[in-house]
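Thanks for coming, everyone. Let me put the structure on the screen, and then we'll walk through a few places in it.

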Amino acid sequence: MDCGSGLLLLITRAMRRLEPGQLLGVRSAEVSVVADLPAWADLVGHDVVTEFAESAEGPWWFAVSKSRASAGPDTVFSRGERTPVGRRLWVYTNFNCNLACVYCCAESSPKAVARRFDPAVATAVFAEFLPQGGREVFFTGGEPFMHPELGALVAAGAGLDRTVLTNGMIFARGSRRDTLENLDRDVVLQISLDSATPELHDRQRGAGSWSRAMDGIALARSLGFRVRVAATLYDEDPQGVDALHRRLDDVGIAPVDRVIRPVAQEGFATEGVHVSLESLEPEPTLTADGAWWHPVAVTNPHLRIADAPLPLSEVFGVVRDTLAVQDAAARSGREVFRCA
């Protein structure tokens, strides 16, 4: 790792666990770290007390002493508009899915291990989230309606603005229909629809998925849910996007409830937008087995924040500390966090 990938998150997380004066040891074979680690320590206010190389080509060793005062939220210099950390949270309800979309950032499919989020953990998460100023939560997957306790997960977030992301294909009947009908009507359903006609959508998501998604949109609206529609596109072809907007006009989806987003080169996607700690504004994301910088990066080990979803204060603390360093670097004009 280098500081532009996973190392910054790791050292930030580790420093939070130390008392002032204790030492953090870092060993790296990345030559960029020779310049970047001391620059990071200087920005944050820590001291590099030892540095040596095993050979002229590395690896390099560092010992960093934690200072009594380091960069915190009061030092943040914003590089642009961002959602305040602690206001928004993403929860991966599960990772199995009835589809295997060619660009799925989470590598979800019918064969994926479910890795279901426990409703009891969700209750604890939201009990911590609300008093910290939490306002909105997004439930995603996988396909959330494949979680047998989705209703309990969503109910645990009562008091928050709640959105469930779904492909809209499997909640029309049986126990999943019961789950759908029992959801509070202030829950927003965000349904995936990649094109105005079946060709592109079905090519990306599977034969027959477009018509079933359209049926899902109609059913959700008939039951009184606010429906948001999200399209994921490799290339934002103006004609294709215009046609999609016309289709959404026809089915009554308000312009404010339309999301056009690019493919991220993560998970199953072999092309798309490259994402990194530098290019992604944080959207803290919880899974059954950890916490991540952003929902599109849950298969990227370099963007893992923690090995468990709780405590939430630690997850947000790592994000805030990391942003403080990034913003201090931007303010000083330093190029500290290079990506290989």
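Where is Glu 271 found? Look in the loop between strand E9, residues 258-262, and strand E10, residues 285-287. A quick word before we go on: this is a predicted model.

Glu 271 also belongs to a negative surface patch. Its partners there are Asp 235, Glu 236, Asp 237 and Asp 242.

Now the pocket. The largest pocket holds about 1000 Å³ of space. Its lining takes in 41 residues. Which of them are closest to the centre? They are Trp 90, Cys 105, Leu 165, Arg 261 and Val 296. Several strands give two or more residues to that lining. Going along the chain, these are E4 (88-92), E5 (136-140), E6 (161-166), E7 (188-192), E8 (227-233) and E9.

Next, the closed space. How many cavities of 30 Å³ or more does a search of the whole structure find? The answer is 1. The largest cavity has about 40 Å³ of space. Two stretches of residues line this cavity. Thr 83, Pro 84, Val 85, Gly 86, Arg 87 and Arg 88 are in the lining. Pro 282, Glu 283 and Pro 284 are there too.

On to charges. Side chains of opposite charge can pair when their charged atoms come close. Here the count comes to 14 salt bridges. One of them is worth a look on the screen. Arg 16 forms a salt bridge with Asp 321, and the closest N and O atoms are 3.0 Å apart. That pair links distant parts of the chain. Arg 16 sits in helix H1, residues 7-16, while Asp 321 sits in helix H9, residues 312-332. The two are 305 residues apart.

Last, the backbone. Most residues other than glycine have a negative phi, and most peptide bonds are trans. Which places go the other way here? Start with Gly 58 to Pro 59: that peptide bond is cis, with omega near 0°. Pro 59 lies in the loop between strand E2 (47-53) and strand E3 (60-65). The bond from Leu 310 to Pro 311 is also cis, again with omega near 0°. Pro 311 is in the loop between strand E12 (304-306) and H9. Then there is Glu 107, with a positive phi near 55°. You will find Glu 107 in the loop between E4 and helix H3 (119-129).

Key: Residues numbered from 1 in each chain as written. Predicted model: local features only at pLDDT ≥ 70, side-chain atom pairs only at ≥ 80, totals over all residues. Heavy atoms only, no water. Patch = residues over 30% accessible without salt bridge, like charges linked within 9 Å, V, L, I, M, F, W, Y side chains within 5 Å. Areas by Shrake-Rupley, 256 points an atom, 1.4 Å probe, with all protein chains shown as cover. Salt bridge = Lys/Arg side-chain N within 4 Å of Asp/Glu carboxyl O. Lys, Arg positive; Asp, Glu negative; His and termini not counted. Charge placed at Lys NZ, Arg CZ, Asp CG, Glu CD. Helix = DSSP H or I, 4+ residues; strand = E, 2+ residues; numbered from the N terminus. 1 Å grid on protein atoms, 1.4 Å probe; cavity = no way out; pocket = protein on both sides within 12 Å on 5 of 7 lines; lining within 4 Å. Points joined across faces, edges and corners; volume = space filled by probe spheres on them.
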